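Subject: The structure I promised you

Hello,

Here is the structure we talked about, handed over for you to explore. My notes on what turned up follow below it.

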Amino acid sequence: MKTGKSPLPAKRRRHRCACYTSTFGAFVLYCRHQSLTDDLEFLDFSLRYIQLLQTKGIGFVWPVVKEEGVTEYRGLRDIHLSLYQTSAPVPNDFSEAPLTVIMGANGSGKTTFLRSIATAQLFAQAGLPVPAEAAVVGIKKRLYTHFAAGEQERGRFEEECRRLS
């Protein structure tokens, strides 16, 4: 191996090192704020979960993602129910509006419907397919969720009232 001067002029060597250092620095900053391992584990788990659901007959589509705009789902299914029911869950349609009111009797599926929308939005923004027949997803700056530890015999509203009392 020869030792000696680099064939690159000194000015170009400095520029090349600066580019490498800034790129590496950006990567180090990313790793400090985001755990790459956690991200890869999430994607690996999600893809395995999707494969499991596909064996149960649940279809997934790649959503059309828009920077801004209305989110719409056709034939959206709840993936949580898909694991525990013998028959496929009832598909739902959803079109985002400035104000959406979801009403129904206790135990009629309001929480399940909202959970399916939130899960699909999370999957779409993570770059994963969603459990629907068709999906157009507008990117949201923030997603706020509150998922209960498990479903009880009581309704969601009754459960929240008990916690508050």
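In strand β4, the bridge partner of Glu72 is Val136. This is a predicted model, so please read everything here in that light. The strand β4 covers residues 134-138, runs antiparallel to β2 and is joined to β2 by 3 bridges. Strand β2 also has β3 (residues 92-95) as an antiparallel partner, again with 3 bridges. There, Tyr73 of β2 is matched with Phe94 in β3.

For the overall picture, the protein has 5 helices and 4 strands, and their order along the sequence is α-α-β-β-α-β-α-β-α. The protein has 165 residues, of which 21% count as buried. Taking contacts between residues at least 6 apart in sequence, 63% join residues at least 24 apart. The exposed area comes to about 12,600 Å², with carbon and sulfur atoms supplying 57% of it.

Now to the spot I would look at next, just after β2. Asp78 sits in the loop between β2 (72-76) and α3 (79-84). Is Asp78 buried or exposed? Asp78 counts as buried, because its relative accessibility is 4% and the cut-off for buried is under 20%. Setting aside residues up to four places away in sequence, Asp78 touches Pro89, Thr112, Arg115 and Ser116. With Arg115 there is a salt bridge between the side chains, at 2.8 Å from N to O. This pair links distant parts of the chain, since Arg115 belongs to helix α4 and Asp78 to the loop between β2 and α3, 37 residues apart. Arg115 counts as buried too, at 13% relative accessibility.

Helix α3 follows, and Ser82 is placed in it. Ser82 is also buried, with 4% relative accessibility. Apart from its neighbours within four places in sequence, Ser82 is in contact with Leu53, Lys56, Ile58 and Pro89. The C-alpha atoms of Ser82 and Leu53 are 7.0 Å from each other, although the two residues are 29 apart along the chain. Pro89 is therefore a contact of Ser82 as well as of Asp78.

Back to charged pairs. Side chains of opposite charge can pair when their charged atoms come close. The whole structure holds 4 salt bridges, including the one between Arg115 and Asp78. Another joins Lys140 and Glu96, whose closest N and O atoms are 2.9 Å apart. Lys140 lies in the loop between β4 and α5 (156-164) and Glu96 in the loop between β3 and α4, so this pair ties together parts that are 44 residues apart in sequence. Lys140 is partly exposed at 23%, and Glu96 is partly exposed at 29%.

The salt bridge between Arg48 and Asp44 spans 3.2 Å from N to O. Both residues lie in helix α2, 4 residues apart, which is about one turn of the helix. Arg48 is exposed, with a relative accessible area of 54%, while Asp44 is partly exposed at 40%.

Helix α2 brings us to the surface. Which residues form the nonpolar patch there? Leu36, Leu40, Phe42, Leu43, Leu122 and Leu143 do, and together they have about 480 Å² of accessible area. Helix α2 (residues 36-55) gives the most to this patch, with 4 residues. Leu122 comes from helix α4 (residues 110-125) and is partly exposed, at 41% relative accessibility.

Happy to talk it over whenever suits you.

Best wishes

How values were computed
Residues numbered from 1 in each chain as written. Predicted model: local features only at pLDDT ≥ 70, side-chain atom pairs only at ≥ 80, totals over all residues. Heavy atoms only, no water. Helix = DSSP H or I, 4+ residues; strand = E, 2+ residues; numbered from the N terminus. Buried < 20%, exposed > 50% of the residue type's maximum accessible area, 1.4 Å probe, protein only. Contact = heavy atoms within 4.5 Å. Pairing = 2+ DSSP bridges. Patch = residues over 30% accessible without salt bridge, like charges linked within 9 Å, V, L, I, M, F, W, Y side chains within 5 Å. Areas by Shrake-Rupley, 256 points an atom, 1.4 Å probe, with all protein chains shown as cover.
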